[in-house]
Amino acid sequence: MSNALAAERQRPKSGAERAPALRLLGVERHYKEGAGRLSILTGANLAIHPGEIVALVAPSGAGKSTVLHLAGLLERPDGGDVEIGGRLAGSLGDAERTAIRRLQIGFVYQFHHLLPEFSALENVMMPQLIRGLDRKEAARRAEELLAYMKLEARVMHRPSELSGGEQQRVAIARAVANAPRLLLADEPTGNLDPKTSHYVFDALDALVRASGLAALIVTHNMELAERMDRRITLQAGKIVEF
């Protein structure tokens with residue numbers, strides 16, 4: 001594992017850090033649909049612990065994105081609460097929620113969303129600079145993470161000069177650059193061929209195991225889902241294992 005990420009993870013652990021990285025506690029989410037109401041989540045519960053990878057598999061429209069948005073504090077539930085590392089987020093203001101999102105949650109999407117004008121190294125440095133880290137230290141940490149993702153020869157390449165799998169590995173390195181507690185991934189291998197998908201998942205899996213991250217990964221790829229610790233789905237507004 002990257003020394004930078006390892007150092008963050010070797011801090012003395014408080015009670016909050018021993019808690020599940022993510023908990024959904026009786027979460028409800030409803031949307032207006034014409035004159036009526038569409039209920040996506042109705043008392044959904046979930047706990048994901050450090051070092052655990054959980055696959056979320058469900059049909060389109062079932063509410064997978066809603067779960068990710070709630071877990072990532074991008075939306076507020078209509079009922080229940082979301083807990084990140086032992087801290088309930090329901091009563092927090094927008095600034096506090098943004099701080100948790102920036103420092104404790106990493107996001108990986110189906111489309112890598114790398115900044116095209118910057119190199120792989122600069123893309124991984126960016127969240128660290130936003131956090132306030134010194135540029136030299138941010139570069140050192142970014143180099144370590146990219147080397148861990150087997151991209152040490154590609155650090156100065158821009159996204160257009162990288163393959164799809166390389167771009168996604170840079171996106172994963174960027175997502176964990178601030179040593180978050182929780183990683184949320186939405187179809188991170190959805191645009192890749194089967195061989196590259198497995199290569200990217202192997203890198204992600206190794207990173208989670210080594211760093212003690214907790215990961216919730218939305219996927220339609222059942223072969224990858226079966227390699228994760230648990231598989232969950234959405235049924236009648238509840239989160240259930242299968």
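**Notes on the strands, core and pocket**

1. Let's start with the sheet: strand 6 and strand 7 run parallel, with four bridges joining them. One pairing to look at is Val108, which stands opposite Ala185 in strand 7. Bear in mind throughout that this is a predicted model.

2. On to the next strand along. Strand 7 also pairs with strand 8 (residues 214-218), again in the parallel sense, over five bridges. Here Leu182 has Ala214 of strand 8 as its bridge partner. If you trace the chain from strand 7 through helix 8 (residues 194-211) to strand 8, you follow a right-handed β-α-β unit.

3. Why call strand 7 largely enclosed by the rest of the structure? The strand covers residues 182-186, and four of its five residues are buried, so the label fits. For reference, buried here means under 20% relative accessible area.

4. Now the nonpolar core. In soluble globular proteins, nonpolar side chains tend to be buried together. The largest such core in this model has 40 residues, and those with the most contacts inside it are Val124, Leu146, Val170, Ile172, Leu183 and Ile217. Elements giving two or more residues to this core include strand 3 (53-56), helix 6 (135-148), strand 7, strand 8 and helix 9 (222-225). Helix 8 gives the largest share, six residues.

5. If you're thinking about pockets, the largest one has a volume of about 470 Å³. It is lined by 16 residues, and the closest to its centre are Arg102, Ile105, Phe107, Pro127 and Arg174. Which elements each supply at least two residues of that lining? They are helix 4 (94-104), strand 6 (105-108), helix 5 (120-131) and helix 7 (164-175). By residue class, the lining divides into 10 nonpolar, three polar and three charged.

6. Two backbone spots are worth a look. Most residues other than glycine have a negative phi. Lys150, which is not a glycine, has a positive phi of about 60 degrees. You'll find Lys150 in the loop between helix 6 and helix 7, and it is exposed, with a relative accessible area of 58%.

7. The other spot is Glu187, also a residue other than glycine, with a positive phi near 50 degrees. Glu187 sits in the loop between strand 7 and helix 8. Is Glu187 buried or exposed? Its relative accessible area is 10%, so Glu187 counts as buried.

Definitions and conventions. Residues numbered from 1 in each chain as written. Predicted model: local features only at pLDDT ≥ 70, side-chain atom pairs only at ≥ 80, totals over all residues. Heavy atoms only, no water. 1 Å grid on protein atoms, 1.4 Å probe; cavity = no way out; pocket = protein on both sides within 12 Å on 5 of 7 lines; lining within 4 Å. Points joined across faces, edges and corners; volume = space filled by probe spheres on them. Nonpolar A, V, L, I, M, F, W, Y, C, P; charged D, E, K, R; others polar. Buried < 20%, exposed > 50% of the residue type's maximum accessible area, 1.4 Å probe, protein only. Pairing = 2+ DSSP bridges. Right-handed = clockwise from strand over helix to strand, strands pointing away. Core = buried A, V, L, I, M, F, W, Y, C linked by side-chain atoms within 4.5 Å.
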